[in-house]
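Hi,

Here is the structure I promised to pass on to you. Have a look at it first, and then read on for what turned up.

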Amino acid sequence: MEINAQTKLIIKKEPELFRQILPLKGACIVELGCGSAALTRYIANECEPASILACEVDLVQHTKNSARTNLPNVTFVVAGAESIPASDSNADIVLMFKSLHHVPKDRLADAMSEIYRVLRPGGLAYISEPIYAGDFNEILRLFHSEKTMRENAFEAVCNAVEEGVFELVGQHFFHMPRVFNSFDEFEQRMINVTHTDHRLSPELLAAVEARYNDFAEDGRVCLTAPMRVDLLRRTVA
(Lines give C-alpha, C1' and ligand atoms only; values in the text may rest on other atoms or scores of the structure.)
Protein backbone atom coordinates (compact mmCIF):
# COMPACT_ATOMS: atom_id res chain seq x y z
CA MET A 1 0.00 0.00 0.00
CA GLU A 2 1.16 3.52 -0.82
CA ILE A 3 0.44 6.64 1.23
CA ASN A 4 0.94 8.87 -1.82
CA ALA A 5 0.69 8.40 -5.56
CA GLN A 6 3.83 7.95 -7.62
CA THR A 7 2.25 9.35 -10.79
CA LYS A 8 0.60 12.60 -11.83
CA LEU A 9 -2.96 12.87 -10.55
CA ILE A 10 -6.05 13.89 -12.47
CA ILE A 11 -8.59 16.38 -11.09
CA LYS A 12 -11.77 14.62 -10.05
CA LYS A 13 -14.74 15.31 -7.82
CA GLU A 14 -15.20 12.51 -5.32
CA PRO A 15 -18.70 11.43 -6.39
CA GLU A 16 -17.25 10.53 -9.80
CA LEU A 17 -15.06 7.96 -8.06
CA PHE A 18 -17.37 6.44 -5.48
CA ARG A 19 -20.24 6.10 -7.95
CA GLN A 20 -17.87 4.17 -10.20
CA ILE A 21 -16.48 1.73 -7.64
CA LEU A 22 -19.26 1.27 -5.06
CA PRO A 23 -22.58 -0.63 -5.41
CA LEU A 24 -24.60 2.12 -3.73
CA LYS A 25 -28.06 1.31 -5.11
CA GLY A 26 -30.04 -0.61 -2.51
CA ALA A 27 -27.14 -0.62 -0.06
CA CYS A 28 -27.33 -0.28 3.71
CA ILE A 29 -24.68 2.36 4.38
CA VAL A 30 -22.93 3.60 7.51
CA GLU A 31 -21.17 6.93 7.13
CA LEU A 32 -18.66 7.89 9.82
CA GLY A 33 -17.89 11.58 10.29
CA CYS A 34 -20.58 12.94 7.98
CA GLY A 35 -19.73 16.59 8.79
CA SER A 36 -22.10 18.96 7.03
CA ALA A 37 -23.70 15.93 5.33
CA ALA A 38 -23.13 17.29 1.82
CA LEU A 39 -22.11 13.88 0.48
CA THR A 40 -24.75 12.20 2.64
CA ARG A 41 -27.43 14.24 0.90
CA TYR A 42 -25.90 13.61 -2.49
CA ILE A 43 -25.86 9.84 -2.02
CA ALA A 44 -29.35 9.78 -0.51
CA ASN A 45 -30.81 11.79 -3.38
CA GLU A 46 -28.80 10.53 -6.33
CA CYS A 47 -27.64 6.95 -5.62
CA GLU A 48 -30.77 5.16 -4.33
CA PRO A 49 -29.37 3.53 -1.17
CA ALA A 50 -31.69 1.54 1.06
CA SER A 51 -30.56 3.49 4.12
CA ILE A 52 -27.77 5.66 5.50
CA LEU A 53 -26.78 5.82 9.16
CA ALA A 54 -24.86 9.12 9.27
CA CYS A 55 -22.64 9.47 12.35
CA GLU A 56 -21.06 12.71 13.59
CA VAL A 57 -19.36 13.74 16.84
CA ASP A 58 -19.69 17.51 16.35
CA LEU A 59 -22.88 18.36 18.25
CA VAL A 60 -23.33 21.71 16.51
CA GLN A 61 -23.19 20.11 13.10
CA HIS A 62 -25.33 17.17 14.19
CA THR A 63 -28.07 19.57 15.30
CA LYS A 64 -28.04 21.23 11.88
CA ASN A 65 -28.11 17.87 10.11
CA SER A 66 -30.97 16.56 12.25
CA ALA A 67 -33.10 19.58 11.34
CA ARG A 68 -33.33 18.31 7.75
CA THR A 69 -36.71 16.74 7.06
CA ASN A 70 -36.31 15.80 3.39
CA LEU A 71 -34.10 12.72 3.81
CA PRO A 72 -36.40 9.86 4.85
CA ASN A 73 -33.76 7.19 4.20
CA VAL A 74 -31.11 8.91 6.38
CA THR A 75 -30.75 8.63 10.16
CA PHE A 76 -28.41 11.13 11.83
CA VAL A 77 -26.81 10.06 15.11
CA VAL A 78 -24.14 11.36 17.48
CA ALA A 79 -21.42 8.73 17.36
CA GLY A 80 -17.77 8.23 16.52
CA ALA A 81 -16.06 5.51 14.53
CA GLU A 82 -14.86 3.93 17.77
CA SER A 83 -18.41 3.02 18.84
CA ILE A 84 -20.87 2.67 15.98
CA PRO A 85 -24.56 2.33 16.98
CA ALA A 86 -25.28 -0.41 14.44
CA SER A 87 -25.79 -4.14 14.73
CA ASP A 88 -23.22 -6.71 13.68
CA SER A 89 -22.82 -7.60 10.00
CA ASN A 90 -25.64 -5.29 8.92
CA ALA A 91 -23.94 -2.76 6.64
CA ASP A 92 -23.09 -3.30 2.99
CA ILE A 93 -20.82 -0.25 2.84
CA VAL A 94 -19.00 1.93 5.39
CA LEU A 95 -17.98 5.38 4.20
CA MET A 96 -15.36 7.69 5.68
CA PHE A 97 -14.79 10.96 3.80
CA LYS A 98 -11.68 12.67 5.22
CA SER A 99 -12.57 11.56 8.74
CA LEU A 100 -10.38 8.63 9.81
CA HIS A 101 -7.43 10.88 10.66
CA HIS A 102 -9.64 12.75 13.15
CA VAL A 103 -9.98 9.60 15.28
CA PRO A 104 -7.53 9.76 18.23
CA LYS A 105 -4.43 7.65 17.65
CA ASP A 106 -5.16 5.34 20.57
CA ARG A 107 -8.66 4.62 19.21
CA LEU A 108 -7.79 3.97 15.55
CA ALA A 109 -7.55 0.21 16.05
CA ASP A 110 -10.94 0.31 17.78
CA ALA A 111 -12.39 2.20 14.83
CA MET A 112 -11.13 -0.37 12.34
CA SER A 113 -12.54 -3.16 14.53
CA GLU A 114 -15.92 -1.43 14.65
CA ILE A 115 -15.96 -1.01 10.87
CA TYR A 116 -15.27 -4.74 10.58
CA ARG A 117 -18.02 -5.55 13.09
CA VAL A 118 -20.81 -3.62 11.38
CA LEU A 119 -19.95 -4.74 7.84
CA ARG A 120 -21.43 -7.93 6.50
CA PRO A 121 -18.87 -10.47 5.28
CA GLY A 122 -17.69 -9.22 1.91
CA GLY A 123 -18.91 -5.68 2.67
CA LEU A 124 -16.85 -2.69 1.57
CA ALA A 125 -15.12 0.07 3.51
CA TYR A 126 -14.40 3.19 1.46
CA ILE A 127 -11.82 5.28 3.34
CA SER A 128 -10.98 8.61 1.73
CA GLU A 129 -8.08 10.56 3.20
CA PRO A 130 -6.23 13.76 2.26
CA ILE A 131 -2.57 13.42 1.28
CA TYR A 132 -0.07 15.73 2.98
CA ALA A 133 0.82 17.67 -0.17
CA GLY A 134 -0.64 20.20 -2.59
CA ASP A 135 -1.56 23.88 -2.62
CA PHE A 136 -4.47 23.55 -0.20
CA ASN A 137 -2.25 21.79 2.32
CA GLU A 138 0.35 24.57 2.00
CA ILE A 139 -2.20 26.96 3.50
CA LEU A 140 -3.87 24.58 5.95
CA ARG A 141 -0.64 23.41 7.56
CA LEU A 142 0.18 26.95 8.70
CA PHE A 143 -2.49 26.70 11.39
CA HIS A 144 -3.48 23.03 11.44
CA SER A 145 -0.81 20.57 10.37
CA GLU A 146 -2.29 17.09 10.09
CA LYS A 147 0.82 15.26 8.91
CA THR A 148 1.15 12.93 11.90
CA MET A 149 -2.61 12.41 12.14
CA ARG A 150 -2.81 11.36 8.51
CA GLU A 151 0.18 9.04 8.86
CA ASN A 152 -1.39 7.40 11.90
CA ALA A 153 -4.66 6.85 10.02
CA PHE A 154 -2.86 5.26 7.08
CA GLU A 155 -0.90 3.01 9.44
CA ALA A 156 -4.16 1.82 11.01
CA VAL A 157 -5.53 0.87 7.59
CA CYS A 158 -2.31 -0.93 6.68
CA ASN A 159 -2.34 -2.82 9.97
CA ALA A 160 -5.91 -3.98 9.42
CA VAL A 161 -4.98 -5.31 5.98
CA GLU A 162 -1.76 -6.94 7.18
CA GLU A 163 -3.64 -8.65 10.02
CA GLY A 164 -6.12 -10.10 7.55
CA VAL A 165 -9.10 -8.26 9.01
CA PHE A 166 -9.67 -6.64 5.62
CA GLU A 167 -8.41 -7.32 2.16
CA LEU A 168 -7.34 -4.43 -0.05
CA VAL A 169 -9.56 -4.13 -3.11
CA GLY A 170 -7.60 -1.19 -4.48
CA GLN A 171 -6.19 2.27 -3.96
CA HIS A 172 -7.30 5.32 -5.90
CA PHE A 173 -5.51 8.66 -6.07
CA PHE A 174 -6.87 11.93 -7.46
CA HIS A 175 -6.78 15.71 -7.07
CA MET A 176 -9.88 17.14 -5.43
CA PRO A 177 -10.45 20.78 -6.46
CA ARG A 178 -10.90 23.13 -3.50
CA VAL A 179 -12.42 26.42 -4.66
CA PHE A 180 -12.77 29.56 -2.55
CA ASN A 181 -14.07 32.86 -3.91
CA SER A 182 -12.40 34.99 -1.24
CA PHE A 183 -10.25 34.72 1.85
CA ASP A 184 -13.33 35.54 3.93
CA GLU A 185 -14.94 32.40 2.53
CA PHE A 186 -11.81 30.37 3.29
CA GLU A 187 -11.81 31.71 6.85
CA GLN A 188 -15.46 30.82 7.39
CA ARG A 189 -15.20 27.32 5.92
CA MET A 190 -11.76 26.26 7.15
CA ILE A 191 -10.89 28.30 10.26
CA ASN A 192 -14.20 29.22 11.92
CA VAL A 193 -15.33 25.59 12.16
CA THR A 194 -17.18 23.94 15.03
CA HIS A 195 -15.40 20.58 15.02
CA THR A 196 -11.97 22.08 15.86
CA ASP A 197 -11.13 25.09 18.01
CA HIS A 198 -8.75 27.07 15.81
CA ARG A 199 -7.54 30.13 17.70
CA LEU A 200 -5.28 32.12 15.41
CA SER A 201 -3.36 35.13 16.61
CA PRO A 202 -3.70 38.25 14.42
CA GLU A 203 -0.16 37.61 13.19
CA LEU A 204 -0.88 34.00 12.21
CA LEU A 205 -4.16 34.93 10.54
CA ALA A 206 -2.30 37.53 8.49
CA ALA A 207 0.29 34.92 7.49
CA VAL A 208 -2.44 32.51 6.40
CA GLU A 209 -4.11 35.24 4.35
CA ALA A 210 -0.80 36.13 2.72
CA ARG A 211 -0.21 32.50 1.73
CA TYR A 212 -3.76 32.28 0.40
CA ASN A 213 -3.13 35.37 -1.72
CA ASP A 214 -0.05 33.70 -3.23
CA PHE A 215 -2.49 31.37 -5.03
CA ALA A 216 -5.32 33.87 -5.57
CA GLU A 217 -6.44 35.76 -8.64
CA ASP A 218 -8.85 38.58 -7.81
CA GLY A 219 -9.35 36.86 -4.45
CA ARG A 220 -10.44 33.54 -5.95
CA VAL A 221 -8.44 30.31 -5.77
CA CYS A 222 -8.79 26.79 -7.10
CA LEU A 223 -6.38 24.75 -5.01
CA THR A 224 -5.01 21.26 -5.58
CA ALA A 225 -5.83 18.80 -2.81
CA PRO A 226 -4.45 15.32 -3.48
CA MET A 227 -6.56 12.49 -2.10
CA ARG A 228 -6.18 8.76 -1.51
CA VAL A 229 -8.99 6.24 -1.27
CA ASP A 230 -8.33 2.86 0.28
CA LEU A 231 -11.09 0.48 -0.71
CA LEU A 232 -11.26 -2.50 1.65
CA ARG A 233 -13.38 -5.63 1.80
CA ARG A 234 -14.29 -7.35 5.04
CA THR A 235 -12.84 -10.81 4.94
CA VAL A 236 -15.21 -13.75 5.07
CA ALA A 237 -14.39 -15.68 8.23
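The charged end of R234 is placed over the ring of Y116, 4.1 Å from the ring's centre. Something similar turns up at F136, where R178 lies over the face of the ring at 4.5 Å from its centre. Please keep in mind that this is a predicted model.

F136 also belongs to a group of rings: together with F143, F180, F183, F186 and Y212, F136 is part of a cluster linked by ring pairs. There are 12 aromatic pairs in the structure. How are the rings of F18 and F97 arranged? Their centres are 5.6 Å apart and their planes are at 50°, which is between the 30 and 60 degree limits, so the pair counts as tilted. This pair links distant parts of the chain, with F18 in helix α1 (residues 14–21) and F97 in strand β4 (residues 91–97), 79 residues apart. Both of these phenylalanines are buried. F180 and F186, from the cluster above, make an edge-to-face pair, with 5.1 Å from centre to centre and 70° between the planes. F180 is buried at 0% relative accessibility, and F186 is likewise buried, with a relative accessible area of 0%.

F186 leads on to the nonpolar interior. Which residues touch the most other members of the largest nonpolar core? They are L22, Y126 and F186, in a core of 40 residues. The element that gives the most to this core is strand β7 (residues 221–234), with 6 residues. Setting aside neighbours within four places in sequence, L22 is in contact with I93, L95, L124, Y126 and L231. There is also a second, separate core of 28 residues, and V77, A81, L100 and V118 are among them.

V77 comes up again around H62, a residue of helix α3 (residues 59–66). Is H62 buried or exposed? Its relative accessible area is 14%, so H62 is buried, the cut-off being under 20%. Not counting residues up to four places away in sequence, H62 touches F76, V77 and V78.

Now to the charged pairs. The whole structure has 13 salt bridges, and here are a few of them.

- R117 and E114 meet through their side chains at 2.7 Å, N to O. They are 3 residues apart in helix α4 (residues 108–118), so about one helical turn separates them. R117 is partly exposed, with a relative accessible area of 22%, whereas E114 counts as buried at 13%.
- R189 and E185 have their closest N and O atoms 2.6 Å apart. Both are in helix α7 (residues 183–191), 4 residues apart, about one turn of the helix. R189 is partly exposed at 38% relative accessibility, and E185 is partly exposed with a relative accessible area of 22%.
- R228 and D230 form a salt bridge at 3.1 Å, N to O. Here R228 is buried, with a relative accessible area of 2%, and D230 is buried at 0%.

Beyond these pairs, E138, R141, R211 and D214 are joined into one network by salt bridges that share partners.

Happy browsing, and best wishes!

Terms used: Residues are numbered from 1 along each chain as its sequence is written. This is a predicted model: local features need pLDDT of at least 70, side-chain atom pairs count only at pLDDT 80 or more; totals for chains, interfaces and linings use all residues. Side-chain values use heavy atoms; hydrogens and water are left out. Helices (H or I, at least four residues) and strands (E, at least two) are DSSP runs, numbered from the N terminus. Buried means under 20% relative accessible area, exposed over 50%, partly exposed in between (1.4 Å probe, protein chains only). Contact means heavy atoms within 4.5 Å. A salt bridge is a side-chain nitrogen of Lys or Arg within 4 Å of a carboxyl oxygen of Asp or Glu. A nonpolar core is a set of buried Ala, Val, Leu, Ile, Met, Phe, Trp, Tyr and Cys residues joined through side-chain atoms within 4.5 Å. Rings of Phe, Tyr and Trp (its six-membered ring) pair if their centres lie within 6.5 Å; planes under 30 degrees apart count as stacked, over 60 as edge-to-face and the rest as tilted. A charge sits over a ring if NZ of Lys or CZ of Arg is within 6 Å of the ring centre and within 35 degrees of the ring normal.
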